[in-house]
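This report is intended for a reader meeting the structure for the first time. Please keep the sequence and the structure at hand while reading.

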Number of protein chains: 2
Amino acid sequence: MKETKMECDSSNKTKKIYLFGKMHPIKVGMRKVELTDTIEDGKRRENGCVLLYDTSGVLTDENEKVDIKKGLPRLREEWIKQREDIERLSEFSSKYRNEISKKGISNENYFPLENLPYKAKKGKAITQMAMAKQGIITPEMEYVSIRENLSLQETSYITPEFVRQEVASGRAVIPSNINHPESEPMIIGSKFMVKINTNIGNSSLSSDIEKEVEKSLSSCLWGGDTLMDLSTGKDIHQTREWIIRNSPVPIGTVPIYQALEKVNGKAEELNWEIYRDTLIEQCEQGVDYFTIHAGLLKEHLPLINKRLTGIVSRGGSIMAKWMKENNKENFLYTHFEDICQILSNYDVAVSLGDGLRPGSIFDANDEAQFGELDTLGQLTLIAWQNNVQVIIEGPGHVPLNKIKENMDRQREKCFSAPFYTLGPITTDISPGYDHISSAIGAALIGWYGTAMLCYVTPKEHLSLPNKEDVRNGIMAYKIAAHAADLAKGHPAAMIRDNALSKARYEFRWIDQFNLSIDPQRAREYFGNNNSHGTPYCTMCGPNFCAMRISREVSNKGKIE
Amino acid sequence: MKETKMECDSSNKTKKIYLFGKMHPIKVGMRKVELTDTIEDGKRRENGCVLLYDTSGVLTDENEKVDIKKGLPRLREEWIKQREDIERLSEFSSKYRNEISKKGISNENYFPLENLPYKAKKGKAITQMAMAKQGIITPEMEYVSIRENLSLQETSYITPEFVRQEVASGRAVIPSNINHPESEPMIIGSKFMVKINTNIGNSSLSSDIEKEVEKSLSSCLWGGDTLMDLSTGKDIHQTREWIIRNSPVPIGTVPIYQALEKVNGKAEELNWEIYRDTLIEQCEQGVDYFTIHAGLLKEHLPLINKRLTGIVSRGGSIMAKWMKENNKENFLYTHFEDICQILSNYDVAVSLGDGLRPGSIFDANDEAQFGELDTLGQLTLIAWQNNVQVIIEGPGHVPLNKIKENMDRQREKCFSAPFYTLGPITTDISPGYDHISSAIGAALIGWYGTAMLCYVTPKEHLSLPNKEDVRNGIMAYKIAAHAADLAKGHPAAMIRDNALSKARYEFRWIDQFNLSIDPQRAREYFGNNNSHGTPYCTMCGPNFCAMRISREVSNKGKIE
């Protein structure tokens, strides 16, 4: 696998910069866009710079050399090492993982380095939530406060103390497994920028490790805030290892997928021991959050019969089958306290899965969906008692007029734990364009308060996405998230729009490209347009350029 | 130019059908999707059919032969001929048009046939609005009632009488120039399906007639409800002639563009006589609605100086320049009554342009925008007094949280005349993806009550769209409009979603494709997927197919 670097603009006007912490020895990466000067009536005026939120880590730092076989620099390891409540183990705790070690690195697919895991010392509460409750501002908290402010000046909106309060209350989550020190801290909560998650993963029918790692790197370069590895095919553990070691963003998984592979796809043969070992395996590997379908109960199963499209969550359907075949309550529910105790040792967050999310407009906001949501609320309190950070997963397919009810109900029933929704898709009739039908719902629910949006690609419902599909999915969701930030009034959001629009009104094309969500695409569409540098563009030509004429009739000067 | 036919699905399960009128001898085209049978537990059950709204006219009728050089069949001509209040002229009334006739058909770009124009007899009020006010249900009104019901059964929701009432009150518009008899009646109003408009048009810098006609045909095939020809280059009249003669949907224009060409691009030299002659030229050619920027007044000009992006409407900027250079009130405003009298002779609707629509998030909902909107309300009453049908144009760039105010204010100030918005785009930072950022705003404002959405393509702000951009723009807007219809509770909307989702849950792939907004794209993305016909798909593979497992745990049978 070869090195991956983000294409920089030829004008060298955008670059990676770092802002430094005051409480902790931390440096926070950002993308700085230097704006070109306005030349109006012959006078030159500077436009300064704009800082952009940057999810790409050292992948875009020209002073760092990225070797995928070595993984990214272990940014947070020093912070973790210095903590007295954390220790490094001398071996892995999972049976499955130890068997892999015994076999040795025999396969070219195997990631060549092995790091022994960190774990909480016995009886120590080490999670970000535990620290926050104790009044401690961790390096992670200071990091996200700088990251969210997006300013060279000190601002009073998102202070480290504000971050601490949000994490302590459970209203925000900083996914940060102590075994994923390569990740840059980020925060998920309704008072912060809306984040987007991307999914990758091979299935038994297609894809390979190299392609998945490439997609994961692209996701970070294009702006994905977190990444879920939903692999279900062979080499799940190894695919994940490559991805985690090279990921500057938090990684999520659905552990039941791997557990199911371990019982050869027979859902009814799943059991707590296998699941538990899988959790520990993944905790020690560095997964930052787990989707766990613990809220789908036996009592909900009859409600499925009233539906048009039954269960459309993979994890949900697996647990439903397990309950039916074994005639027992969901073991993820009965063992939820055990699960929390495991997760709390590594600071893995739980993302409570919505196994009964509606898969069609017809099923939206039904008894099954809301019944499960009530259970997720109960589980939230159990997780918080164990200092485990919690996210709540949400729909699915929901028409525009039923979206707000989802948000309001989630906030009430789950005590303002961050909501993390899949879209929602606002119509069923758009296969091939579901990134758009779902970005509509995502923008709306983001504005209403959802903290993270799980992207959908154009291939949803049809097949697995390729790299270009990942790009289109990400861009649709970056737009939805940013539209929501503007509407919520996030103080940093509008700076970028204003700078781009001022550049547009002054025909500063380079600045428009650099400030846009996908500079490469904008430049490509602009093309070999002769108007580069002239005060009109190919859309309308000189006589019909509204902005050119508008400048003439207003008190603005002449742009050169 | 060669024949254009919509690609039919290989299974022959979708076809053009016609429903017949009861009051008038009319036939209304629709797309009928025959659903395949469900085979569950070995038993076969029929799923019937779904009717889809169809904007393609005879282009998809396999019994009709389309010859672009002859134009489409003149569907409405018999209806018009039978009216005693309308006469056929023996020559064109516009000087410019008569000069073209004098020169003869000398150029290969010239459309080969010439039809003399229809016009109201002196003193006769012939518009759909005039008829509706008199209690007359026209063939056009019965047509749209059948078209909107989308049902083989009689339904009580959208009756011809209901259509008449909506048109009489001005809450809905049926654009239907008597000189565009090729067009199929359609209705624009908040109680009907949300419609989408597409824009095409060459500029002085690119494009040619053939390409524009091809794009216009594609627009109708893909689902555009109306089409605006925004050409500004040479051969404007002829480009338009080809488009109108081959268009089954209403055509809109911005007459000031052609008027400006007639004064060689010098806005200050525009005058009422040239504009008036252009209006008559286009009325007699068959344009169904005109965008007229009559609400932008001298008093609004100082407000532009407070803006970030000034005037971004081409027509608005032209009129602003004219007012400034001539130091006079907008002649479109001072001559508005004259304009209405001309339009009423042909039943051309007026689309009151928003010359001051915001071009950036910063400028949304400002004094300039709302000042002009108030004027548009006054003009609406004048138009209605003259029995001219009215649409009101709206923004532009608006953040999510300011969209509702636009709709509410428009409804109040313009007396519930249909609102027709450009997006709105919900962030400025998405060049290359503005079809998505604007589809978000469009869906929202459509749900709030906007009757027609003007599409935006991915090339917006960058260059002119090609055919694939037109497709992507249309699909984004078909989604926005349909999502709005679902949320508004249009009775026909959900039938399609439910049918598609039932097909999805039963792995009936052909039906999913045929019911989707772009069957060709869905099929292409599905690819040579082996799961065609098997009860799972390539996204998850058999062990992880939630729907397959869900069927097992519910009381549903086994799908074969």
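## A covered helix

Helix α7 of chain A, which spans residues 236–245, is mostly covered, with 10 of its 10 residues buried. In this predicted model, the buried residues of α7(A) include A:Ile236, A:Trp242, A:Ile243 and A:Ile244. Charged residues also appear in that list, among them A:Arg240, A:Glu241 and A:Arg245. The buried residues of α7(A) further include A:His237, A:Gln238 and A:Thr239.

## Chain A as a whole

Chain A contains 20 helices and 17 strands. Its radius of gyration is 24 Å, close to the 24 Å that the globule rule gives for 560 residues, and chain A is therefore as compact as a globular protein of that length. Along the principal axes, the C-alpha atoms of chain A occupy a box of roughly 80 × 55 × 45 Å. Of the 560 residues in chain A, 67% count as buried. Among the contacts of chain A with a separation of 6 or more, 74% involve residues 24 or more positions apart.

The accessible surface of chain A amounts to about 19,200 Å², and carbon and sulfur atoms contribute 47% of it. Chain A carries 70 positive and 75 negative side chains. The centres of these two sets lie 2 Å apart.

## Two buried positions in chain A

What surrounds A:Ile392? This residue belongs to strand β15 of chain A, residues 390–394. A:Ile392 counts as buried because its relative accessibility is 0%, where the cut-off for burial is under 20%. Leaving aside neighbours within four places in sequence, A:Ile392 is in contact with ten residues named here in full: A:Leu352, A:Leu373, A:Leu376, A:Thr380, A:Gln410, A:Cys414, A:Ala417, A:Pro418, A:Phe419 and A:Tyr420. The C-alpha atoms of A:Ile392 and A:Arg411 are separated by 9.8 Å, and the two residues are 19 residues apart along the chain.

A:Ser219 is situated in helix α6 of chain A, residues 209–222. With a relative accessibility of 1%, A:Ser219 also counts as buried. Apart from neighbours within four places in sequence, A:Ser219 is in contact with A:Thr198, A:Gly224, A:Leu227 and A:Ile474.

## The relation between the two chains

Chain B is superposed on chain A by a rotation of 180° with 0.0 Å of shift along the axis, at an RMSD of 0.0 Å. This is the relation of a two-fold axis. Within chain B, the C-alpha nearest the axis belongs to B:Ile440 and lies 2.3 Å from it. The same surface serves both copies, since 100% of the contact residues of chain B recur in chain A.

One residue with contacts across the two chains is A:Glu552. A:Glu552 lies in helix α20 of chain A, residues 546–553. Is A:Glu552 buried or partly exposed? Its relative accessibility is 35%, so A:Glu552 counts as partly exposed. Leaving aside neighbours within four places in sequence, A:Glu552 is in contact with B:Lys321 and B:Lys324.

## Backbone features in the loops of chain B

Which residues of chain B are joined by a cis peptide bond? One such bond joins B:Pro395 and B:Gly396, with omega at about 10°. B:Gly396 is placed in the loop between β15 (390–394) and α14 (403–413) of chain B. The peptide bond from B:Gly423 to B:Pro424 is cis as well, with omega near 5°. B:Pro424 lies in the loop between β16 (419–422) and α15 (434–448) of chain B.

Positive phi values in residues other than glycine are a further topic. B:Leu150 has a phi near 50° and is not a glycine. It lies in the loop between α4 (139–149) and α5 (160–169) of chain B, and B:Leu150 counts as buried at 11% relative accessibility. B:Asn365, likewise not a glycine, has a positive phi of about 55°. The loop that holds B:Asn365 runs between β14 (349–352) and α13 (367–385) of chain B. At 12% relative accessibility, B:Asn365 counts as buried.

Terms used: Residues are numbered from 1 along each chain as its sequence is written. Chains are lettered from A and ligands numbered from 1 in the order in which they are written. Side-chain values use heavy atoms; hydrogens and water are left out. Helices (H or I, at least four residues) and strands (E, at least two) are DSSP runs, numbered from the N terminus. The radius of gyration is taken over C-alpha atoms; the globule rule is 2.2 Å times the number of residues to the power 0.38. Buried means under 20% relative accessible area, exposed over 50%, partly exposed in between (1.4 Å probe, protein chains only). Contact means heavy atoms within 4.5 Å. Accessible areas come from the Shrake-Rupley method with a 1.4 Å probe; for residues, only the protein chains shown count as cover. The place of a charge is taken as NZ of Lys, CZ of Arg, CG of Asp or CD of Glu. Copies are superposed by least squares on the C-alpha atoms of residues with pLDDT of at least 70 in both.
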